[in-house]
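Trainee: I am new to this one. Could you take me closely through the pair of strands and what lies between them?

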Amino acid sequence: MASNNNKHFLVKYLECRHNYAARSNGYVLDGCGEFCPTGAPETLESFICAACHCHRNFHRKVEVEVEDRVESPIISINHPSHGTC
Ligand SMILES: [Zn+2]
């Protein structure tokens, strides 16, 4: 039963689906494209989107299959993201 499968799923939260006009049968979104936590992981703020201030539950949840590759990381981490997400 040995498993050499290094794949795992990364959960991401994409566009915000908070419908601001639900009460009037409309459909108005805030246009937020991807959830970005306000605070550090495992804090209450980490469930709030920094861009639209909605709870993470309003964002579309996707699971991305990723493979663990230990050798030669391609992603450069030398470019800190600019302020807002
Ligand atoms: Zn939102």
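Mentor: Start with the contacts. In the protein chain, take contacts with a separation of 6 or more: 49% of them come from residues 24 or more positions apart. Keep in mind that this is a predicted model. The chain has two strands and zero helices. Burial is scarce: 6% of the 85 residues count as buried.

Now the strands. β1 covers residues 7–16. Its partner, β2, covers residues 59–67. The two run antiparallel, and eight bridges join them. Strand β1 is hardly covered. Of its 10 residues, the count of buried ones is one.

Pick one residue to anchor the view. Lys12 belongs to strand β1. Across from Lys12, in β2, stands Val62. Set aside the sequence neighbours within four places, and Lys12 is in contact with Val62 and Val64. How covered is Lys12? Lys12 has 13 C-beta neighbours inside 10 Å, so Lys12 counts as partly exposed. A residue with 12 or fewer would be exposed, and one with 20 or more would be buried. Look also at Phe35, which is 23 residues from Lys12 along the chain. The C-alpha atoms of Lys12 and Phe35 are separated by 8.0 Å. One general point helps when you look along a strand. In a regular strand, side chains alternate between the two faces of the sheet.

Next, the stretch between the strands. Ala21 sits in the loop between β1 and β2. Buried or exposed, which is Ala21? Ala21 is exposed, because 10 other C-beta atoms lie within 10 Å. Beyond its neighbours within four places in sequence, Ala21 is in contact with Gly26, Tyr27 and Val28.

Go on to Asn25. Asn25 is placed in the loop between β1 and β2. Its backbone deserves a look: phi of Asn25 is near 60 degrees, a positive value in a residue other than glycine. Most residues other than glycine have a negative phi. Asn25 is exposed, because 7 other C-beta atoms lie within 10 Å.

Glu42 is another case to check. Glu42 is also in the loop between β1 and β2. Phi of Glu42 is near 70 degrees, again a positive value in a residue other than glycine. Why does Glu42 count as exposed? Glu42 has 8 other C-beta atoms within 10 Å, so Glu42 counts as exposed.

Put the pieces together. Strands β1 and β2 are joined by eight bridges. Lys12 of β1 stands opposite Val62. In the loop, Asn25 has a positive phi, and Glu42 has a positive phi too.

Conventions. Residues numbered from 1 in each chain as written. Predicted model: local features only at pLDDT ≥ 70, side-chain atom pairs only at ≥ 80, totals over all residues. Helix = DSSP H or I, 4+ residues; strand = E, 2+ residues; numbered from the N terminus. Pairing = 2+ DSSP bridges. Contact = placed C-beta atoms within 7 Å.
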